[in-house]
Amino acid sequence: MEVEVLFPINAGHFTYAVPEELRGDIKVGVRVSAPFRGTTRVGIITGINGPSGRAGLRPLMGVIDKQPLLTDGLLSLMRWLTNYYMSSPGIVLKNILPSGLLLLRRPGRPRIVYGKATRLTGLVRLNKEQDRAVKEICREEKGVFLLHGVTGSGKTEVYIHVIKSLPEGKGAIVLVPEIAITAQMVDRYRSHFGDDVVFFHSGLSEGERLRHWWRMRNGEAKVVLGVRSAVFAPFKEVGLIVVDEEHESSYKQFEGLRYNARDVAIARAEIEGARVILGSATPSMESYYNAERGRFRYLQLTRRVDDKPLPHVEIIDMTREPKKTWIFSERLIRALEENNLRGHQSLLLLNRRGYSPYIICTECGYTYKCDLCSITLTYHKDTKTLNCHYCGSFKYPDPTCPKCRGIRLRYAGIGTQRLEEELTRLIPRFRLRRMDRDTTSKKLSHYRMIKEVEEGSVDVLLGTQMVAKGHDLPKVTLAGVVSAEIALNIPDFRSAERAFQLFTQLAGRAGRGEVPGNVYIQTYEPDHYVFEYVRKNDYKGFYEKELSLRRELGYPPFSRLIRILISFTRREGIEGTMEEVSKKVREMETDGVEILGPSVAPIEKIRNRYRYHLILKGREQSLLRRRASEILAYLNRMKGLRVDVDVDPVNLL
Ligand code: ADP
Ligand code: ZN
């Protein structure tokens, strides 16, 4: 007897012989220990074969589990992931299991422990639209539903009702973007499901992650509320997968296995015969298109709970508007002050962290660049450093220009730190909190900040896109955007879609309580088509407009993309190599698949790697993948370069 064993490394299966005494314990899906490159490793059996007569096979050392660790559903999903994302099976394994399960040593003790479950509460009475959505979903056993509900329309209640209706023994997975797992959200699920719900997020210790994993695997927990990786929850049977805020790009993993948890959810539900609810106030172009074409069932919640009005949105044209300072219009400042005097809270969005996006020498035009990346460095005032937002490296600025030794250096543009400084200067009495990646790097700091806003000890919460996500803060009645054009000027075909989603989501934070909300968007590009649709809260109008542009360019949802990223650590010889690649690609048959490039990637260098890419575009998924694997096979034979493949990329930078 021989077995195929998979390890969590970038490789395929390895074959081992099975010693006589272990034969009775061999099953597909159990963990084994086996000798591997001079050490002992833990792997998973993925296949059992008769003797091949191959000489020199090494024997397994031990079998760890009595029952398979991986369910049949997860084993099938692994095959799907390997094939769809053109990855190695080992990397897929590494992604779907907590790393602690495949270590020889025992993991440490859990660090964060939640209190005992709170008392279970009754269900709220659904309104007509919610009720209809729940009924339609419960009528089917499988399929994908797009729940398109305006912000504050009570989508979470719909999810909870459907979960409650699941038959005994079926698990539910609720995916939310990392930032949305606030104490508030946790409480809400706990109050309904008590100890039956577990939470999966990046704040868990490895020990706690393992404990939760086993509770799901053993059928002790029935619901998981978690981020991206919770889509691999090991329930024996899955009845429902919810993907809340399905449009969020944080469902996509940007390294290693570049999967999108939303798409994996759909694949998993298909494999296991479960339902999927994709929820959003601003569905992705792809999902809405799929609903229009009848691939997803479309359900709508058109009004806010209790018929609360949607906020009033004003676009402020900064080219004409009277200004208080170079950052703020008089109108926005007045609105912030008045809102505060009425005892309400405000949100302020500026989607750029740091103090100043670049320091420029006004004599020679010099700006600081990262040594490792082709990126301009951002000045951070708190640390007095110039930081690279791509690789995390930093340096200290000189008092004079490094190039011409001039002394007139200017801090150009604004980031959240400068916004905070400026607003403090203008209205010193405001109690501000700044929420961006720099202030939320500590565990739970983000939760704490939201808690402070809930408790009323904050007047204005300002920050990057983080302030726009998911929270239900009843005293927030005003939301403002500074430099809205930043979101529009990203060189990516999805930038208008992202901007529309961001502004609509931000607006959706305002006026969820008793008092209606107001939204002010400051921009130097007021004529951009995005703003008109944001102002009128016209999702459908935006969708139609954007769709016609995508059709012209043949971009998704009218095509699928696969991006192949080629990178080099040494500059010498790149041109020659890329010419060869280019020639090879031109020779290939391309019926039905358009190949763009190879060309230099928009960000030419990251972490000292020179980057090039090829973009394959086509309607037919299988054809596209076939073409990509031919190119990959060719590239993998070449020396001195690294190849990464990204199926359904969410950005092309
Ligand atoms: P969404 O996720 O669509 O933005 P939520 O599910 O967070 O909306 O609901 C917004 C608020 O309305 C929450 O505080 C929720 O408890 C409340 N709510 C939802 N449905 C109902 C209902 N049928 N009756 C009363 N309150 C509700
Ligand atoms: Zn860098």
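**Packing, sheets and a pocket in a predicted model**

Leaving aside residues up to four places away in sequence, Val158 touches Gln130, Ala133, Val134, Ile137, Leu147 and Leu301, where contact means heavy atoms within 4.5 Å. This is a predicted model, in which local features need pLDDT of at least 70 and side-chain atom pairs count only at pLDDT 80 or more, while totals for chains, interfaces and linings use all residues. Residues are numbered from 1 along each chain as its sequence is written, and side-chain values use heavy atoms, with hydrogens and water left out. Val158 lies in helix H4, helices (H or I, at least four residues) and strands (E, at least two) being DSSP runs numbered from the N terminus. Val158 counts as buried because its relative accessibility is 0%, the term buried being reserved for residues under 20% relative accessible area, with exposed meaning over 50% and partly exposed in between (1.4 Å probe, protein chains only). Between the C-alpha atoms of Val158 and Ala133 the separation is 7.2 Å, although the two residues are 25 places apart along the chain.

Helix H4 (155–164) is also among the elements against which the buried residues of helix H5 pack, together with strands E7 (171–175), E8 (197–200), E9 (223–226) and E10 (238–244). In H5 (residues 183–193), the buried residues are Met185, Val186, Tyr189, Arg190, Ser191, His192 and Phe193. After H5 comes Gly194, which has a positive phi, near 50 degrees.

Five strands, in the order E2-E1-E4-E3-E5, form an open sheet with antiparallel pairing, two strands being paired if DSSP finds at least two bridges between them. At the edges of this sheet are E2 and E5 (62–63), each of which pairs on one side only. Strand E1 (residues 2–6) is mostly covered, with 4 of its 5 residues buried. On one hand, E1 pairs with E4 (residues 39–49) in the antiparallel sense over 5 bridges, and in E4 Val3 has Ile48 as its bridge partner, whereas Glu2 stands opposite Asn49. On the other hand, 4 bridges join E1 to the antiparallel strand E2 (residues 14–17), in which Ala17 stands opposite Glu2.

Another open sheet, of 4 strands, follows the order E25-E26-E24-E27, again with antiparallel pairing. Strands E25 (593–606) and E27 (642–647) stand at the edges with a single partner strand each, so one side of each has no neighbour in the sheet. From one strand to the next the twist averages 20 degrees. E25 pairs with E26 (residues 609–618) over 8 bridges in the antiparallel sense, with Ser599 opposite His613 in E26. Helix H16 (residues 621–636) packs on this sheet and touches E24, E25, E26 and E27, its direction making about 10 degrees with that of E24; axes here are lines fitted to C-alpha atoms, for helices over the stretch in contact, and angles run from 0 to 180 degrees between N-to-C directions.

The second largest pocket is lined by 35 residues, of which Asp263, Glu286, Asn290, Arg560 and Asp648 lie nearest its centre. Two or more lining residues come from each of helices H1 (72–84), H7 (261–272), H8 (285–292) and H12 (495–508) and from strand E24 (560–568). A pocket is an open set of points on a 1 Å grid over the protein atoms alone where a 1.4 Å probe fits, with protein on both sides within 12 Å along at least five of seven lines, and lining residues have an atom within 4 Å of a point.

Definitions and conventions. Chains lettered and ligands numbered in written order.
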